There are 4 protein chains.
Amino acid sequence: MAVRVAVAGASGYAGGEVLRLLLAHPRAEIGALTGNSNAGGRLGALQPHLLPLADRVLEPTGPEALAGHDVVFLALPHGQSAAVAEQLGDEVLIIDCGADFRLEDAGEWERFYGSPHAGTWPYGLPELPGARAALEGSKRVAVPGCYPTAVSLALFPAYAAGLVEPEAVIVAASGTSGAGKAPKPHLLGSEVMGAMSPYGVGGGHRHTPEMIQNLSAVAGEPVSVSFTPTLAPMPRGILATCSAKARPGVTAEAVRAAYEKALQDEPFVHLLPEGQWPSTAAVYGSNAALIQVAHDPAAGRVIAISAIDNLTKGTAGGAVQSMNVALGLPEGLGLPTTGIAP
Amino acid sequence: MAVRVAVAGASGYAGGEVLRLLLAHPRAEIGALTGNSNAGGRLGALQPHLLPLADRVLEPTGPEALAGHDVVFLALPHGQSAAVAEQLGDEVLIIDCGADFRLEDAGEWERFYGSPHAGTWPYGLPELPGARAALEGSKRVAVPGCYPTAVSLALFPAYAAGLVEPEAVIVAASGTSGAGKAPKPHLLGSEVMGAMSPYGVGGGHRHTPEMIQNLSAVAGEPVSVSFTPTLAPMPRGILATCSAKARPGVTAEAVRAAYEKALQDEPFVHLLPEGQWPSTAAVYGSNAALIQVAHDPAAGRVIAISAIDNLTKGTAGGAVQSMNVALGLPEGLGLPTTGIAP
Amino acid sequence: MAVRVAVAGASGYAGGEVLRLLLAHPRAEIGALTGNSNAGGRLGALQPHLLPLADRVLEPTGPEALAGHDVVFLALPHGQSAAVAEQLGDEVLIIDCGADFRLEDAGEWERFYGSPHAGTWPYGLPELPGARAALEGSKRVAVPGCYPTAVSLALFPAYAAGLVEPEAVIVAASGTSGAGKAPKPHLLGSEVMGAMSPYGVGGGHRHTPEMIQNLSAVAGEPVSVSFTPTLAPMPRGILATCSAKARPGVTAEAVRAAYEKALQDEPFVHLLPEGQWPSTAAVYGSNAALIQVAHDPAAGRVIAISAIDNLTKGTAGGAVQSMNVALGLPEGLGLPTTGIAP
Amino acid sequence: MAVRVAVAGASGYAGGEVLRLLLAHPRAEIGALTGNSNAGGRLGALQPHLLPLADRVLEPTGPEALAGHDVVFLALPHGQSAAVAEQLGDEVLIIDCGADFRLEDAGEWERFYGSPHAGTWPYGLPELPGARAALEGSKRVAVPGCYPTAVSLALFPAYAAGLVEPEAVIVAASGTSGAGKAPKPHLLGSEVMGAMSPYGVGGGHRHTPEMIQNLSAVAGEPVSVSFTPTLAPMPRGILATCSAKARPGVTAEAVRAAYEKALQDEPFVHLLPEGQWPSTAAVYGSNAALIQVAHDPAAGRVIAISAIDNLTKGTAGGAVQSMNVALGLPEGLGLPTTGIAP
């Protein structure tokens, strides 16, 4: 039976990627598409790559358009999801691609987002311990941030196995689509081509408390995170280089074994063979996360690196994967593990 | 019933793209994968984006590996297809992504390729007049070149309707994957990023006689082609800007009407609404060709522009589309018209 | 003796490039820098690559700031130059990087720009016949558009020598800086990376009448121009592929000889050796224009291709070159013919 | 009086950049240019951006060509410099852009480079404590590696002031020119555009011992380095994100003050104002290094980030700067602190 799906925020990058994936999903039937400033616009002009939906017209975001669906994806600016969700009732599965319901700690939410905390929903990263079970049958899903997805997948096996100290150092490079479609001077093509540049250095990025939440839960103790995001001259992709001090006695073999054990049954998280390192180019448009890990005995650190597509596994793919789990469908239904290269 | 498919040349860009598409094709069962210098290599190392095939190992190209399949795709360097095809017998459907069997004129072949002409096979551009019928049931397909695909789709409606003079002027920009995976200094990332550069100027590019063949057949008279290819700083995509002098009395309305008529039933060739122009970004990984056409009364010319993905519609997608036609399957089976953007 | 120079519009791409070149100019002393919305801003934040000027602060554009200089460069949006120029008096050398004073035909100006024609100033492309003499001692200079610079340099030798018919077909690819620094969605890095896309197709681009003006003057008869600009995924550079039908009897030797003769004494326009083609990568940041020409006997056309940096020779470099000529300084003073590569 | 300069390895990226800078150096007179496999080639074909040298022809690398100069730059593959240097005598200033003479510890050299240690020359990073004095009057200079340049400039103020623990964690992104001009499949434009990928993870990169050497000397105790280099989709630039645990009691103010003090007199190393972060785009073609530093109290770390052009300050610019110091010329002579942007 078809699952009828609406997408709020269909003109943005996250909404467009949700639609790209739903077009290939054998059970999804694409219903209402909504926008705010783009309401009334033809999708063919707004998202010309979604050719099968070219003649669709965006409706204004609100219950008129969004009611009557089995699933509603919210791909809205931060802070807008709660109001829309309230209007849709308890029976519809709402999958929020925004940040509003990710954090458990209201104080951290307010400190980083500057607005009242809306609540906490089951977290759409099924690979984390306990997360899959919490998603099954849920009517609400908070899709993780793109950076926390990449970082949590890279580091959770190390923390789950107690291999490393609770102080993680993370430097991640993201493609520009992570910054969204709103035009800003520093995101112009002229500015970003040829440029690697950091931002939110020193603990200021909003994804930091989400990483701390995830890693601390796995570690069973507070984990501090030094997180430096950088903007890379590519449209998509995150490469997260994560490391932490190895605990005494930890060996390369133990590290490898822990990662193999943690990831062996995951359909989308793939530990590469030894000697091969992840590249964002290999996951372009794919829901796969590629992982590799090394032990540097001279520096005394474990280095785990992940590559994901920030819009697929990092946003819309994770959202559809969570939808599958919540609805009791096969978790991988309609989700590619094949990227586009070169 | 599954169609068992082998791919010769699976480590290159064309072969990799054939595999990417076959992985999503509901009837294809991927059989042998072969290579030459890469025989013995793991596909996971050679094509890391093809994660579901990561553990496959390439066999040497030859009848030992390739026999026993329903379909064999040849993605080999020019000049090698005939010998392989001969060994495989008449009953297997052979789809040659190379140039060997595209040209009808042996003299032109020899002039441009410098080797004896191997013959002519049905031409895998179903959209050209008569081509679809010739492909149905055929056991041999010559997949068009990427540039001739883009150019022929842009201009055939104008020539079919007699709107323009038989002198076409074409400037096309191609992504670097069109030049293949063999490492050459001028194809290094350091060299191509930031660079637009022409090559084969003045009639020297091997795709020129193929364009002349296609357009002349449609026009019913010899069409001359001035073709300038340029290398663009992007991995994929062709933007072909094609123009010819308008015949006396031709109007913008007549041009639009001719294109609408010629393209209205095509599943993969899409005439954009007036005012919207094709971008390679909208067909990244898609088998669609986007077309727009204009009449410039001051210059007295009709300008037709197409955007395709050189590896999808321009090579592997056209190949799979032709396979579908040859086998009597629905023409669009397993082929995306959705691109990946941004 | 130092030449005291002010730059109006110092926060944009053209203004920034003027400053980059002036910093290396042995006679220029950089005076006032002005902006509109950016007035009050630190140049170090607005143009972080201009490190020696990092502590300069932009003043509001107007006579208060701009008076008292020997030279004023105007790098303003179209339509604003006349008012500023009027306030500065006749004795100051005003070099307008905008379009306002380029066209001779008021009707064409109004048709393409939709505002009253401000007048016509000596045209800052010294390489065109007669242009250098008109610039010497002038107190006013209209800097050419970037596309007309590339196209006129590529084609004027052919028209000057009467080699080709008066119907030019031009397809040019430009880096994104040609579209300026104002943030628009289609200019986002996420949109332009991986994208080749045309715009202003069919005679609509504002640089078309300027090309017609230049080529017609050289040809001594009206030349029609079919011009298709395309946006390429690179920050800088123009590659202009220009062609026209060869006149009867024209040979490759005659073409070569005409270009050699026309360009042999030019310090910035370089005809490449036969067999080598221009690349935008070779003129990155350079004031050189690289030219190559071919005769395609089968298509009966002469193809001339030029590569320039749109911000250097195409805007700011041409402006400084014109300043040198107007002031009686050595034409090449302070201007690089060395690009940055790779 | 002119300084007569030869460049061995003039067809590669480092040699080409040395020549680009020497062309703008008021005292340099460019003498012999040599190559190995490219000997006999025209520089205009090998380095088309060096237009003023287009007609120069490469001679074979050896004493025949290189003798009789005041300065010889060696831009050769690792392991070849010692033999060439020996043939040139003690009176010529030899500046080695390769690795051969950088390391003091023969064991570390042999472990990382697998060949006998050639010796140690004065180290061409004048900004390090004591380095400038050692370069003055020297006839031999070992130019630092590009990564060690970026990392040492970012971290030496912190170690000099005793602000951080002796365990540095570094993740750096480099443009592709850092990998040289030899064509390899993974460096093809098709592969690198859209790709961020790590390499040499876990302590394997050859620049690691050089960083350890520099930082340990400044710190006065052994500093361990966890170094992860990544390849970024841009031709030039290094962004180095470096961090270490803050020592007890260290404050943001103390960190800022230490960096201001350490860098205030440096002509090429620029501490950005608070709130502004370095971007590789701002140093494209410039010899400047941009630095910013932050204290993250939650994570307990000091994060220092530097941006350089790997070919300019990271190789050829550092080499020319060292030449200036060694010859007693003004240190900044002929070296740009202005980048090219956008």
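This passage describes the chain contacts, salt bridges and cysteines of a predicted model.

The model is a prediction in which local features need pLDDT of at least 70 and side-chain atom pairs count only at pLDDT 80 or more, whereas totals for chains, interfaces and linings use all residues. Residues are numbered from 1 along each chain as its sequence is written, chains are lettered from A and ligands numbered from 1 in the order in which they are written, and side-chain values use heavy atoms, with hydrogens and water left out.

According to the unreviewed UniProt entry, the annotation "domain: Semialdehyde dehydrogenase NAD-binding" covers residues 4-136 of chain A; UniProt positions are given in the numbering used here, feature names are shortened, and annotations may be inferred rather than shown by experiment. Over residues 4-136, chain A is 29% helix and 17% strand, with the end C-alpha atoms 19 Å apart, where helices (H or I, at least four residues) and strands (E, at least two) are DSSP runs numbered from the N terminus.

Chain A is superposed on chain D by a rotation of 180 degrees with 0.0 Å of shift along its axis, at an RMSD of 0.0 Å, the fit being by least squares on the C-alpha atoms of residues with pLDDT of at least 70 in both copies. The two copies are thus related as by a two-fold rotation axis, and 100% of the contact residues of chain A recur in chain D, so that the same surface serves both copies. Contact, defined as heavy atoms within 4.5 Å, involves 40 residues of chain A and 40 residues of chain D. About 3100 Å² is buried between chain A and chain D, 67% of it on carbon and sulfur atoms; buried area is the accessible area (1.4 Å probe) that two parts lose on being put together, summed over both.

The contact between chain D and chain C takes 30 residues from each chain and buries about 2400 Å², of which carbon and sulfur atoms give 66%. D:His49, D:Ile340 and D:Pro342 supply 28% of the area that chain D buries against chain C, more than any other three residues.

A salt bridge is taken as a side-chain nitrogen of Lys or Arg within 4 Å of a carboxyl oxygen of Asp or Glu, and the whole structure holds 62 of them over all chains. Two cross the interface of chain A and chain D, among them the pair of D:Glu167 and A:Lys245, with the closest N and O atoms 3.0 Å apart, whereas zero cross the interface of chain D and chain C. Within chain B, B:Glu17 and B:Arg20 meet at 2.8 Å, N to O; both lie in helix H1 (residues 13-23), three residues apart, about one turn of the helix, and both are buried, that is, under 20% relative accessible area, with exposed being over 50% and partly exposed in between (1.4 Å probe, protein chains only). In chain C, C:Arg132 forms a salt bridge with C:Glu331, the closest N and O atoms being 2.7 Å apart, and this pair links distant parts of the chain, 199 residues apart. C:Arg132 is partly exposed at 24%, while C:Glu331 is buried at 16%. In chain A, salt bridges link A:Glu17, A:Arg20, A:Arg236 and A:Asp309 in a network.

A search for disulfides (pairs of cysteine sulfur atoms within 2.5 Å) finds zero over all chains. B:Cys146 is in no disulfide, the nearest cysteine sulfur, that of B:Cys97, being 11 Å away, and B:Cys146 counts as buried at 11% relative accessibility.
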